[in-house]
Structures are given as C-alpha cells and as structure tokens.
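Please open the model in your viewer, with the backbone drawn as a cartoon and side chains ready to be switched on. The tour below moves from one selection to the next and says what is to be found at each stop.

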Amino acid sequence: MNTSPDIPGGTSRDVDDATLRALFSESPIGLHILDTQLRLVRFNAAARYIRAFPVEDLLGRTVAEVLREYGKDQADEVEAMVREVLETGRPRRDVLLTLRSLRPPHAEVAVQASWFRLQDLEGCPLGVAAAILDVTDRNQAQARLALLDRVGSRIGTAFDLFDTAQELAEGTVPDFADFTTVDLFDPVLRGEAPEPGPHLGAIPLRRAGWCSHGSPVTAGWPVAGEVSGFPSGTPYRESLTDLRPRLVARLVPDAEWLDRDPVRGRLLRQNQVHSMIVVPMCARGVVLGLACFYRGRRPDPYVDEDTALAAQLVARTALSLDNIRLYNRERSAARLLQLSLRPPEVPVHAAVETAHSYLPSGSGGDWFDVIPLSGARVALIAGDTEGQGLHAAAAMGELRAAIGALADLDVPPDELLERLHDLVTRLDDEVTSTPHDASRYRVVGTTCLYVVYDPVIRRCTMSSAGHPPPVIIRPDGTAELADVPQGPPLGQGIATHRTTERELPEGSILLLCNTPLVQDRDPQQAVQQLDRIRAALAPASRCLQEACERVLRVLPADGHQHDPVLLMARTRAKGPDQVASWTLRGAPEAAAEARRLTADRLSAWGLADLEYTTELVVSELVTNAVRYSEGPIGLRLIRDRTLICEVSDTSSTAPQLRHAEEDDESGRGLFITAQLTQRWGTRPARRGKTIWAELSLSA
C-alpha cells in the first residue's frame, strides 16, 4: 500500500481501502489473485463477466489446471512464465490467450493478461496478480477485417461465373463457415439479367459454388451444376423476397420452416447446423442468386457483425459476377456480329480454290475476305483490329466495307493500304475529338495484308500494313515465308506501304493468317514450323478445307488473345485456250480490226452467239481509246465464268459515263457498254489504264 501523507477529506488508509474496494468491485478489468502455489484464491467482480469463464468453479486450481480446462495446449509453458514472475518480480504484460470451453456451449474467448508479483513491505512474495481483459470482440473484429481483405483480394481473379462463385465458397471455409453454398439464376449463367426486384414465383437456382470443412456435410447436398428450389416460408425465400440478409443465430432442430423444405431440412439436422446466414446476391439492381453460410462444427453462433461481413463479401462477389455476366453477354453479341460480318460463304473463283477456318476463343475483330477483281483476278485479305468485344467487331465490319469499296476501284495493293491508312487516321481523329461518346471506337493499330493474284500471268502482288506475311507452299512441296515489305499498322506513323511481286506456279498454296504462321526469331525453329505446316498439307490430294483445319491446329502459340483465323488459297492459271491478246495501232481502223479479231476468237471458242454484242462493246472501247489516247492499244479477251473484254491505252484519264442528248453526235459509247454488259470499270496501271467489261456467257 502507498504510505503517502493524509490528504484532505480522509487519511491515506481510507484511500487505500477505497482503492482496494474499487479494484475488486468497480474495475472493468478482471483481477485474479494467485498464491505462491499459483492457485486462484481471489478475484474481483469484473472477473465474473469474462464470457464462458465460470471463475467460481476455478477457485483453488493452479494456472495449468485452469488452462487445461479450457483447452490451452501451452498450459505448462504459461504456468512456467507466471512462476518466473513470482520468482523474479519482473511483470509480463499483454500476453494474448485464446481459451475455448470444453463444455457446452463451447464458447471461445480471447483474453489479454498481464501478471505482476504481490509482495509485503519487506519484499517477500505473497503471490501473483493477473489483470485479465476480455478482447474477444476486438479480436473478432480484426479477424473479420482480415477475412474481408483476404477473400476480397481473391474474388474476381477468375473470369468465369462458376470459378468466381467457388472463390467465395472456398475463401470463407473454414475461417467463417463450416459450409458455404452459392446458387445463381440460370439467366445469369447465360449472360442475361433476371427480372429486377424481388422474386415471388417459383425460384429454381443452379449451384455454382460450394465448399465444406469436412466430407460428411457434403453428402446429399447439391453440387456444382445441379438445380434446387427454395420453398416459401423459409429464410431463403424471405431473403429473395425483400432482398435483405437473414441471420438465424440459433437454428433449433424443431424449427417449423425446416419442414417446409424437407430435403434441406433433413440435411441441416443431420449435419447439426446450429447457425446460418442467408444473403441475396445483388449488383446494379439485378438479383443474381443466393449465398448461404452455415456453422455446425464451430460452436460459436453467428452474430450481427458476421451478417454485415457476409453482406460485404457477397456484395463484392456479386459485382464480379455481374461484370462477368455483362462481359459474356457482350462477347456473345460480338461473336454473333463478327460472324454475321464475315463472309458466310467464300465466293467460288476461277483464279483460286479457297478454304478457311478459325478457332473461336474470343470475340475480336479478326477477319478475312476474298474479293473478285477485274481481269479474272482475285484479292485475298486478312486483317486484325485491336481489342475485343462489340467495338472490335464493329470496327472489323467498317474496315471490311471500306476495303470492299476501295477494291472496286482496282487500285494497287500499296495504294489501297495508304488510302485505308488515311481513312483510319481520320476516324481516329473523330473519336479523340469526342472522348465521351461511347458509340465511337478506335481502329488505330489495325493490321491488314492485301494480296492480289492474277491467274493470266500467274503473278501475286502483296502489301502489308503490319500484318504477318503469308506462307507459300509450292507444288513441289517447298515452303517459304513470303518476304513482304512491312508498312506501319493502319493509322500509326506515316503511310509507307510497298508491294512485292512473286510469280507462282499453278497449284501453289497461299496461307494468310491473323497470327504469325512462322516465328522466325530462331531460324531452326522457323524451319520446324514450316515442316509442320507442310506435313499438315500432305498428301497433295487432301481436301483443302481439311488441310486448312489441320494447319490451324499446328499454328505456333504467339500470345494473341483473339481468334486464330486462317485463309488458304490454291492458285489456278489461265491457259492459252482461255486468253487472247493483241496490240493494235492507235488509228481509226483499229476498231474494225478489233471487231474482226474478236469475231474470229469467239468463233474458235464456240461463242458465236456473243459475236454481235461483243463486237459492239469492243468497237466502242477501242474507238474511245483511239480518240483520247496516243500510242498502241491493247485488246485482251478472257474466257472465264464470264467473257471479259479489256482495252488498254496510255492515257491515265478515266472515262465518265454520261447520258447523251438526242441531238448529240457522240458520248453514247460507255452508255451502250453499260447496257450490254454485266458490269464494267476502269483499272489504273503504272502507265495508262485499262477499261474492262464482262458479258454473261449464257446470253
């Protein structure tokens, strides 16, 4: 006791007595007095309020005996520490102990204990005093925060509905629940949104995730993929009706609602579930499903703070699930849009035999095209827009339309890519000028490979805007990666696209893909990849479509996140019996000579029925060339699926179709040509131009 002088209003003894009374009757901290044998001999009033700790039953017991009573494995170690305090007089502060009662109700309590020695005025030890503070609530709050952080950090790492639901279930067992289930509505699994608001009708949900601490509880419960219902009058149905969590702190076996759900009620009774929490899964006003947490093996029941924690965990999970649902819906819509924008059937063309295939794994803007050109030529195109989803698919459709329009102009591949580059740059400027317009999307960075094959001269002209080059397989089986000059992707940098030309034997195969067919960083690896592609094409008699699918399966992995798209084309050639060409003098009599040569060739081809119409068309085109150009004039007839007439001259001025007045003496040539042919057009050349027209053979 403190022996300080008397103070106003009382003696020092009075103060000492008041202090003792306060420590034993008013102090909020539990005080336990141990004798020199470390047996509990006294305690204060606060010691009675430490939960599940009947201190009256512990009088006369040693520290080790008390701790063993509450399942403390380190009882002997703690007693040794207290004995050291008794012997040395050095106190021990803030030692955290977790005690669990081995008798019902098996509550768990966390206490923070400090020990100090009691001694008389001469310093002789009389025992040990233990100041014990119940910190169960504080520890549980910290544990809840740690659980929220731990589980929240793992939710949403998988971009799959079932995996995300399983993350919640596994993250809460066993620290929060002995058994957790997550059930989702079927429309959510399809990427759709259920009707907003509470659900009052029949409510079948599909199990998306579950986890249990111990195998017995899993027997008989629905597993992932199975459907189960929730009858009315149960906490599950009530939670889905008012969209609020339900806490069943003490679930008794004879609860009335268990009989309304006999299957689930039987399982809950069998597994001795004594406490549960039901939380509706809602995000952005959409009800996605239901999450349930059960305790059977853990003795402590759920409390309101646990319900708040469960609601936070479920809210995070629901947001991730809704993000995945929206992504799946957009990806499905983008896939449908992408497929609808791709050519449903590749047009049959006399210049090449084609096949195509792709591995659907995403919904990007990858595309291919086969476009017939004038002069029996064909354009083979492969492209890849950046990004995924609807924007990428829409960008792909926009670029396909632009390429189709430019291809009709018959411009060379390098010029076509440069015009496309300017178009993409302009579109990107419009997007960046309206950053808040969600309907606009960027197409900068799109790659494109444009290949034109001419079966008459067996020449292939290629140009690339940052796209992987094609692989060429010759009829003798040799394979090579085409050396195509690489220009910048569309919209990036300066449009410096160039072309390269290759003469291909008939029967050569061109492989165009949106991913690199050959990774040429390592020459040895490049040779091996070409060997695999060549082996997939063998034997030469294999169906081209089958060969295309086999090649797609052996493509090297390159880390692309979009669908691999492969277009294959086997080249054909026009023989001398299908092509006739002449060079005429640029003189007025050239028209008559052109009519004679045309009539002779059509007669030899057995197309005498077309002589009159063809002579008239050829005469008008040659007359136009004589009038507006200087130098020799080229005339070529190609017998293809149509009869193609081509007249070439040295003038680069493109003719214009106009409707002549009745009193005009000229200007009807192109109008007559347009009326007599299926289609006509002008093709620019490096020097001059070619006017062409196609006539139906069935005419």
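Two strands count as paired if DSSP finds at least two bridges between them. The model is a predicted one, and the first stop applies that notion of pairing to a sheet.

**The five-stranded sheet**

Select strands 1 to 5, which form an open sheet with the order 2-1-5-4-3 and antiparallel pairing. Strand 2 (40–43) and strand 3 (92–100) stand at the edges, and each has a single partner strand, so one side of each is left without a neighbour in the sheet. From one strand to the next, the twist averages 30°.

Now display strand 4 and strand 5 together: they run antiparallel and are joined by nine bridges, and within this pairing Gln-112 stands opposite Leu-133 in strand 5. Follow the chain from strand 4 into strand 5 and you trace a hairpin with five residues between the two strands. Select Gly-123 in the turn of this hairpin, where phi is positive at about 90°.

On one side of this hairpin, add strand 1, which pairs with strand 5 in the antiparallel sense over five bridges; here Leu-31 has Ala-131 in strand 5 as its bridge partner. Then turn to strand 3, which pairs with strand 4 (residues 108–119) over seven bridges, again in the antiparallel sense. To locate this pairing by side chain, select Arg-92, whose bridge partner in strand 4 is Trp-115.

**Helices on the sheet**

With the sheet still displayed, add helix 3 (residues 75–88), which lies across strand 1 (30–34), strand 3, strand 4 and strand 5 (125–134), and which runs at about 25° to strand 4. Helix 4 also packs on the sheet, where it touches strand 3, strand 4 and strand 5, and its direction makes about 135° with that of strand 4.

**Helix 4 against helix 5**

Hide the strands and keep helix 4 (residues 136–154), then add helix 5 (residues 161–172): the two pack at an angle of about 155°, with their axes 9 Å apart. Since angles over 145 degrees count as roughly antiparallel, helix 4 and helix 5 are therefore roughly antiparallel to each other. The crossing in which helix 4 passes helix 5 is right-handed.

Switch on the side chains where they meet: Leu-147, Val-151 and Arg-154 belong to helix 4, and they meet Glu-167, Leu-168, Glu-170, Gly-171 and Thr-172 in helix 5. Sorted by class, this contact of helix 4 with helix 5 has three nonpolar, two polar and three charged residues.

**Backbone details in the loops**

Continue past helix 5 into the loop that leads to strand 6 (179–184), where Pro-174 lies. The peptide bond from Val-173 to Pro-174 is cis, with omega near 5°. Another cis peptide bond runs from Ala-538 to Pro-539, with omega near -5°, and Pro-539 is placed in the loop between helix 13 (523–537) and helix 14 (544–553).

Next select Leu-243, in the loop between helix 7 (235–242) and strand 9 (246–248); its phi is positive, at about 60°, although the residue is not a glycine. Leu-243 is partly exposed, with a relative accessible area of 29%.

End at Arg-458, in the loop between strand 15 (447–454) and strand 16 (459–465). Arg-458 is not a glycine either, yet has a positive phi of about 55°, and this residue is partly exposed, with a relative accessible area of 32%.

Terms used. Residues numbered from 1 in each chain as written. Predicted model: local features only at pLDDT ≥ 70, side-chain atom pairs only at ≥ 80, totals over all residues. Heavy atoms only, no water. Axes fitted to C-alpha atoms, helices over the stretch in contact; angles between N-to-C directions. Helix = DSSP H or I, 4+ residues; strand = E, 2+ residues; numbered from the N terminus. Parallel < 35°, antiparallel > 145°, perpendicular 65-115°, else oblique. Left-handed = near helix turned anticlockwise from the far one by under 90°. Contact = heavy atoms within 4.5 Å. Nonpolar A, V, L, I, M, F, W, Y, C, P; charged D, E, K, R; others polar. Buried < 20%, exposed > 50% of the residue type's maximum accessible area, 1.4 Å probe, protein only.
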